[in-house]
Amino acid sequence: ECRRVGPCSMVTHIGFMGDDHRALTHGWDYLLAAAAGPWGIAYGDDGIQGEALPTSVVMSADIVRVLGKMGPTTLYHMYIDNYWRTLGEGIGHLVYMPDVQIEHLHPSAGKAELDDSYERTNAPEQYDRDRAAWELYLRGQLLDDIEQVLWYRDEPERRAAQFHHLQAEMARPLDPNAIADLWDSLNPPAGIDPAIAWAGVPWV
C-alpha cells in the first residue's frame, strides 16, 4: 500500500518518529521536508546519535512510492536508521540538520525507564537477528533500491509514466468476471450479493 501513498494526492514527504522522540524545534517538519527536497532524506539531531544515525527521518514521498516501503520488511526493530542513512548516501541526498532538535528519550541516555518494551526490542538476540537481516540486505537488495530510486529520479518521463499507471490502476473498475470467480471460490451462503463478498463484508 506504500505505492498508494499519494499517486493521486498532494503528499510530498513522509516521516518517521518513534514514540520516544520529542520534537523541540518549531517547524521541524517543514525544515526537514525542505532539506529533503523532491528526492532526498533529511534528519535532525536526536541528542544521542547526532549526525551518525537518523533515528527519526523525513524523506521524499516519491522514494516511498518507487520502493513501495520506507525500509526493509525483514528488519523487526534495529538497523532501520542504518538503512535510511545508507540509502540517502547512495542516492546522493542525505542532509543532517543539527539545528533541528528531535530528542530521543531513550534509556541508554538516562531519559526513560528501561521497561518491558525496551528490554524486549533491545534484547541481545533481537540485535543479532536484525544485524544479520541488515547485513543480508546490505549485500543484496540495497543496491537495487538505490538504482531504482535513481532511475526514476533522473528520468521525469518514467516518473510521469508510473504516476499515470498507478492513477489508472486505482481508478480501474472491478472486473465482473473477477467478482464471479471470487464468488465461486468463496462460495458464500445463498442470497449474498457477489459485490458484498468482494468488498469483504462479513456474511454473518
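User: Which strands does helix H3 (residues 80–91) lie across, and how is its direction relative to S5 described?

Analyst: Helix H3 lies across S1, S3, S4 and S5, and runs at about 160° to S5. Axes are lines fitted to C-alpha atoms, for helices over the stretch in contact (heavy atoms within 4.5 Å), and angles run from 0 to 180 degrees between N-to-C directions. Angles under 35 degrees count as roughly parallel, over 145 as roughly antiparallel, 65 to 115 as roughly perpendicular and the rest as oblique. At about 160°, H3 is therefore roughly antiparallel to S5. Helix H1 (residues 28–36) also runs at about 160° to S5 (94–104).

One note on the source: this is a predicted model, where local features need pLDDT of at least 70, side-chain atom pairs count only at pLDDT 80 or more, and totals for chains, interfaces and linings use all residues. Residues are numbered from 1 along each chain as its sequence is written, and side-chain values use heavy atoms, with hydrogens and water left out.

User: How do you know which strands stand at the edges of the sheet?

Analyst: The open sheet has 5 strands in the order S1-S4-S3-S5-S2, with mixed pairing. S1 (13–16) and S2 (21–23) each have a single partner strand, so one side of each is left without a neighbour in the sheet. Strands are DSSP runs (E, at least two residues; helices are H or I, at least four), numbered from the N terminus.

User: What makes S1 and S4 a pair?

Analyst: Two strands pair if DSSP finds at least two bridges between them. S1 and S4 (residues 57–60) have 4 bridges, so they qualify, in the antiparallel sense. Gly-15, for example, has Val-58 in S4 as its bridge partner.

User: Why is H5 called oblique to H6?

Analyst: Helix H5 (residues 124–139) and helix H6 (residues 141–153) pack at about 55°, with their axes 3 Å apart. That angle falls in none of the other ranges, so H5 is oblique to H6. Trp-134, Tyr-137, Leu-138 and Arg-139 of H5 make the contact with Gln-141, Leu-142 and Asp-145 of H6.

User: Is Asp-145 buried or exposed, and how do you know?

Analyst: Buried means under 20% relative accessible area, exposed over 50%, and partly exposed in between (1.4 Å probe, protein chains only). Asp-145 has 1%, so it is buried. Leaving aside neighbours within four places in sequence, Asp-145 is in contact with Leu-67, Lys-69, Tyr-83, Leu-87 and Tyr-137. Across the chain, buried residues make up 36% of the 204 residues.
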